[in-house]
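Thanks for coming. I will take a few minutes to go through one model, from the single chain to the contacts between chains.

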Number of protein chains: 4
Amino acid sequence: MSRGTTRERLFTAAIDLIAERGFAATTVDRIAERAGVAKGTVYYNFGSKSALFDALLDFGITRFAQRLRDAAAGLPPDAALDAVVREELAFLAEHEAFARLLIAETWRQGGGDWQHAALMIRERVVGAVADVLRAAVDAGLLRADLDVPTAASAVFGMVLVVGLDWRALQPDRPRAEVEATLLDLLRGRLAAV
Amino acid sequence: MSRGTTRERLFTAAIDLIAERGFAATTVDRIAERAGVAKGTVYYNFGSKSALFDALLDFGITRFAQRLRDAAAGLPPDAALDAVVREELAFLAEHEAFARLLIAETWRQGGGDWQHAALMIRERVVGAVADVLRAAVDAGLLRADLDVPTAASAVFGMVLVVGLDWRALQPDRPRAEVEATLLDLLRGRLAAV
Amino acid sequence: MSRGTTRERLFTAAIDLIAERGFAATTVDRIAERAGVAKGTVYYNFGSKSALFDALLDFGITRFAQRLRDAAAGLPPDAALDAVVREELAFLAEHEAFARLLIAETWRQGGGDWQHAALMIRERVVGAVADVLRAAVDAGLLRADLDVPTAASAVFGMVLVVGLDWRALQPDRPRAEVEATLLDLLRGRLAAV
Amino acid sequence: MSRGTTRERLFTAAIDLIAERGFAATTVDRIAERAGVAKGTVYYNFGSKSALFDALLDFGITRFAQRLRDAAAGLPPDAALDAVVREELAFLAEHEAFARLLIAETWRQGGGDWQHAALMIRERVVGAVADVLRAAVDAGLLRADLDVPTAASAVFGMVLVVGLDWRALQPDRPRAEVEATLLDLLRGRLAAV
DNA sequence: TATGAATGAGATTTCATTCAT
DNA sequence: TATGAATGAAATCTCATTCAT
């Protein structure tokens, strides 16, 4: 089996398991078992459990950010914002396990390497949202004095939490409904009249 | 040292450590060490590591929910929504470690005990937000067909993520600025004109 | 069981086993088994396998050096030299396992902590021999220009190697005979006439 | 690359590493890495880690013993003893890593394979010293009742320990000085007058 | 002749829990 | 009410060896 294939199998297995139980509670034994390889293979490929986690986080974040950028590419600013929100929700639904992992392992403090991971999230995923907001500001669609980083964080967080709650509490609900509520909220269309 | 004092010291120590490393990665040894007591004392007072965590979560959530309810109490619906957002942000700033713990340990699945904890969050904290939204709908301030649970989740999540990013990335920024951006976003005041 | 007792039992067990197989080939499992304690107890008391080894080396060297000093104490320089040689041989016979460990694990290079251990040997055990030689020089019994450190190293090494070969190859030979050959060699009494 | 070259590169790498860390603590991975070949190449050439070690020990000991015999060949007994000591010291200086390996891995017991290696040392290297001593006894230069095996062990050990201490502690000291002290000690020329 | 990904047995280490004091 | 030495199950990690290429 090629090295690449093995690494991907381990990624998939690890994402699922870490999402379910968390990083610390997921054993290398189980990751190897689910990937269908020997335990030593994890260490041959990644060196340590936490190196596997780092690689996996990097892999997932890169894909996530790229998805958001691709969704917005070429659209006018107002449509781009809707597209980014839609795409984030779609990604969460598709990669629910990774989303759980992201929210559970990201907001750490002090723990050395985790700080680094947290910054990666901000820079790459939230950054994609911020870029769209900034383009909307430049196009005159949003207030010129908008606090873009905070707004990007707010949009990203709102969709993330709503997405996870949706999957956890009402998984049978159609995505369109959840999406509509989010877009209404975002566009200020909550008022009664 | 009184029992109450010992328990409180253990609470504080556990919150800090779990916020830093996560529940599974926090050892009873370190909790006891930071609290300045012997390891056996943890077991004498709480019986087990997870019982300590449950007690701590219950304690924190009760306070958090009560703060949100108190903030909204007696206010007209529109002012109540602002007040709840303000209070959530204030609580996050005051109890940053607990907030990190909350976001890190809540969205788990399959873990058995964790499901229970997750529901407690939803029912008690997000419930406080939902109550305010429902009152606004009843008062005709918000659309009658508003998806209240989703909106509550969105509001709670937006503030939570923005609050943690604020503390992590720009701790010196005045709370008023962050608050203003959040309220504008919530009230649909982002449009350029 | 008191902590002191447990540590001593682990020392004894570890010295025997490391002498037989070497440090790296001796498992913590076997050390614990021979000491009659659980494996975790080794870690509770010493923190790591190599910390146990360091403690054990320090313990053994301290005893060894003290035995040599005590043997020479109060004797005139010429008798002191004989006494030190006799005592070194006696110690090797009594603590054969520790002697094997000493010779096997001491002359390492580069490996970080081992350098430190090697210096301890030199400073404390060989130092005891050097002190006796220096006293003999001062008393006019040995050449004033004697290279004391090298001579001390030579005397120590000669007795060490002879002692280990004796135990390994001819364990039934009386110590007196081996001792006599060593003292003759040392005193320059090998010549035919 | 020829087979001979590969084997030599592996010898050199293994000697250095085993001298630094010991046999058990030296991994086949590191040997291959330092030799600049793939791990499988070690197995292709030697079949196993211990076979590599055996071959290396045999190679080194053969050379060592031969050097001692060559140095003594054709000399009168008294000059031969000096020559053997000088040559041993020279060999240690040239092949310091091998000497460390020798002293570290020789005095084991119970290890099964090691017993064999230990006997090889005794028979071949110390045997060369013993032969010279026996010739001196036969020539009437040394006491007829000299315990030749013990004396050979003593001479070999003295030079070995002094040589390693010299390289480890005072590598810049000229060999002639160390040599002179050893020969004086051996010839009983330590007395003050 | 050489490679290096994969293995799995066995090593070191961790840590929640117990219990005698 | 509190302690901390001891435990042992279960975790992480190592590494000699194999084998398809």
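I start with the fold of one chain, then the pairing of two chains, then some salt bridges.

This is a predicted model, so please keep that in mind throughout.

Chain A first. Its secondary structure comes to nine helices and zero strands. The C-alpha trace of chain A spans about 60 × 35 × 35 Å along its principal axes. Of its 193 residues, 53% count as buried. If we take the contacts in chain A between residues at least 6 apart in sequence, 67% of them join residues at least 24 apart.

There is one annotation to mention. An unreviewed UniProt entry marks residues 27-46 of chain A as "DNA-binding region". In the model that span is 80% helix and 0% strand, and its end C-alpha atoms lie 15 Å apart.

Now chains C and D. How are the two copies related? Chain C superposes on chain D with a rotation of 178° and 0.0 Å of shift along the axis, at an RMSD of 0.5 Å. The two copies are thus related as by a two-fold rotation axis. Of the interface residues of chain C, 98% are also interface residues in chain D, so the copies meet through the same surface.

As for the numbers, 46 residues of chain C are in contact with 49 residues of chain D. The two chains bury about 4300 Å² between them, and 59% of that is on carbon and sulfur atoms. Between chain C and chain D there are four salt bridges. One of them joins the side chains of C:Asp147 and D:Arg173, at 2.5 Å from N to O. Eight residue pairs are in polar contact across this interface, both residues being at pLDDT 80 or more. On the chain C side, the elements that give two or more residues are helix 1, helix 6, helix 7, helix 8 and helix 9. Helix 8 of chain C gives the largest share, eleven residues.

A short look at helix 6 of chain D, which covers residues 96-106. D:Glu96 lies in that helix and counts as buried, because its relative accessibility is 18% and the cut-off is under 20%. Its side chain makes a polar contact of 2.3 Å with that of D:Arg100. D:Ala97 is also in helix 6 of chain D, and is buried at 13% relative accessibility.

Last, salt bridges within chains. Over all chains the count comes to 66. I will show three pairs and one network.

In chain B, B:Glu179 forms a salt bridge with B:Arg86, with the closest N and O atoms 3.1 Å apart. The pair links helix 9 to helix 5 of chain B, with the two positions 93 residues apart in sequence numbering. B:Glu179 is buried at 12%, whereas B:Arg86 is partly exposed at 36%.

In chain C, C:Glu87 and C:Arg67 form a salt bridge at 2.5 Å. C:Glu87 lies in helix 5 and C:Arg67 in helix 4, so the pair ties together parts that are 20 residues apart in sequence.

In chain D, D:Arg187 forms a salt bridge with D:Asp82 at 2.9 Å. D:Arg187 sits in the segment after helix 9 and D:Asp82 in helix 5, 105 residues apart. D:Arg187 is partly exposed at 32%, and D:Asp82 is buried at 15%.

The network is in chain A, where salt bridges link A:Arg67, A:Glu87 and A:Glu94.

Methods. Residues are numbered from 1 along each chain as its sequence is written. Chains are lettered from A and ligands numbered from 1 in the order in which they are written. This is a predicted model: local features need pLDDT of at least 70, side-chain atom pairs count only at pLDDT 80 or more; totals for chains, interfaces and linings use all residues. Side-chain values use heavy atoms; hydrogens and water are left out. UniProt positions are given in the numbering used here, feature names are shortened, and annotations may be inferred rather than shown by experiment. Helices (H or I, at least four residues) and strands (E, at least two) are DSSP runs, numbered from the N terminus. Buried means under 20% relative accessible area, exposed over 50%, partly exposed in between (1.4 Å probe, protein chains only). A polar contact is a pair of N or O atoms within 3.5 Å; within protein, one must be able to donate a hydrogen and the other to accept it, and residues adjacent in sequence count only if both atoms are side-chain atoms. Copies are superposed by least squares on the C-alpha atoms of residues with pLDDT of at least 70 in both. Contact means heavy atoms within 4.5 Å. Buried area is the accessible area (1.4 Å probe) that two parts lose on being put together, summed over both.
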